[in-house]
Amino acid sequence: MAQRLHLVFGGELVDPTKSAFKNVDDIHIVGMFPDYASAYDAWKAEAQRTVDNAHMRYFIAHIHRLRDEESEVSSTEELG
């Protein structure tokens with residue numbers, strides 16, 4: 001069974017209505033999680049911790065969606 005890895009990260013945004021970070025060097029990497037439920041718990045804890053700052057946002061990235069093991073590799077991956 002394939003792992004369904006999730007990355008939780010966040011930081012201060014330039015504009016709270018958009019998803020552009022103010023300073024990418026200051027992005028807070030919360031961690032990598034083996035399933036959505038644990039990633040959601042981590043995301044929720046960070047979001048609640050920073051609730052007083054409207055410019056702070058945390059996200060869950062579905063890392064498992066970046067690579068589908070069933071599909072053929074691209075020509076650049078084969079050069080690897």
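This section describes the strand arrangement, the helix packing and the aromatic pairs of a predicted model.

The sheet is open and has 3 strands, in the order β2-β1-β3 with antiparallel pairing. β2 and β3 occupy the edges; each has a single partner strand, so one side of each lacks a neighbour in the sheet. From one strand to the next, the twist averages 15°. Strands of a sheet pair through backbone hydrogen bonds, in either a parallel or an antiparallel arrangement.

Pairing between β1 and β3 is antiparallel and extends over 7 bridges. Within this pairing, E12 has M56 of β3 as its bridge partner, and F9 is matched with F59 of β3. On the other side, β1 is joined to β2 by 5 bridges, and these two strands also run antiparallel. Here H6 stands opposite F33 of β2. Of the 7 residues of β1, 6 are buried, so this strand is largely enclosed by the rest of the structure.

Helix α1, formed by residues 36–49, lies across β1, β2 and β3. The helix runs at about 170° to β3.

The model contains 5 aromatic pairs. One of them is formed by F21 and F59, whose rings are arranged edge-to-face, with a centre-to-centre separation of 6.0 Å and an angle of 80° between the planes. The angle is over 60°, the cut-off for edge-to-face, and the pair is therefore placed in that class rather than among the tilted pairs. This contact links distant parts of the chain: F21 belongs to the loop between β1 (6–12) and β2 (28–33), whereas F59 belongs to strand β3 (residues 56–62), and the two are 38 residues apart.

The two partners fall into separate accessibility classes. F21 has a relative accessible area of 19% and is buried, while F59, with a relative accessible area of 25%, is partly exposed. The cut-off for buried is under 20%, which is why the value of 19% places F21 in the buried class. F59, at 25%, lies between the limits of 20% and 50% and therefore counts as partly exposed.

Ring pairs also bring F9 into the picture, linking F9, F21 and F59 into a cluster. Within this cluster, F9 and F59 are bridge partners in the sheet, and F21 comes from the loop between β1 and β2. F59 thus takes part both in the backbone pairing with F9 and in the edge-to-face ring pair with F21.

Key. Residues numbered from 1 in each chain as written. Predicted model: local features only at pLDDT ≥ 70, side-chain atom pairs only at ≥ 80, totals over all residues. Heavy atoms only, no water. Phe/Tyr/Trp six-rings, centres within 6.5 Å; stacked < 30°, edge-to-face > 60°. Helix = DSSP H or I, 4+ residues; strand = E, 2+ residues; numbered from the N terminus. Buried < 20%, exposed > 50% of the residue type's maximum accessible area, 1.4 Å probe, protein only. Pairing = 2+ DSSP bridges. Axes fitted to C-alpha atoms, helices over the stretch in contact; angles between N-to-C directions. Contact = heavy atoms within 4.5 Å.
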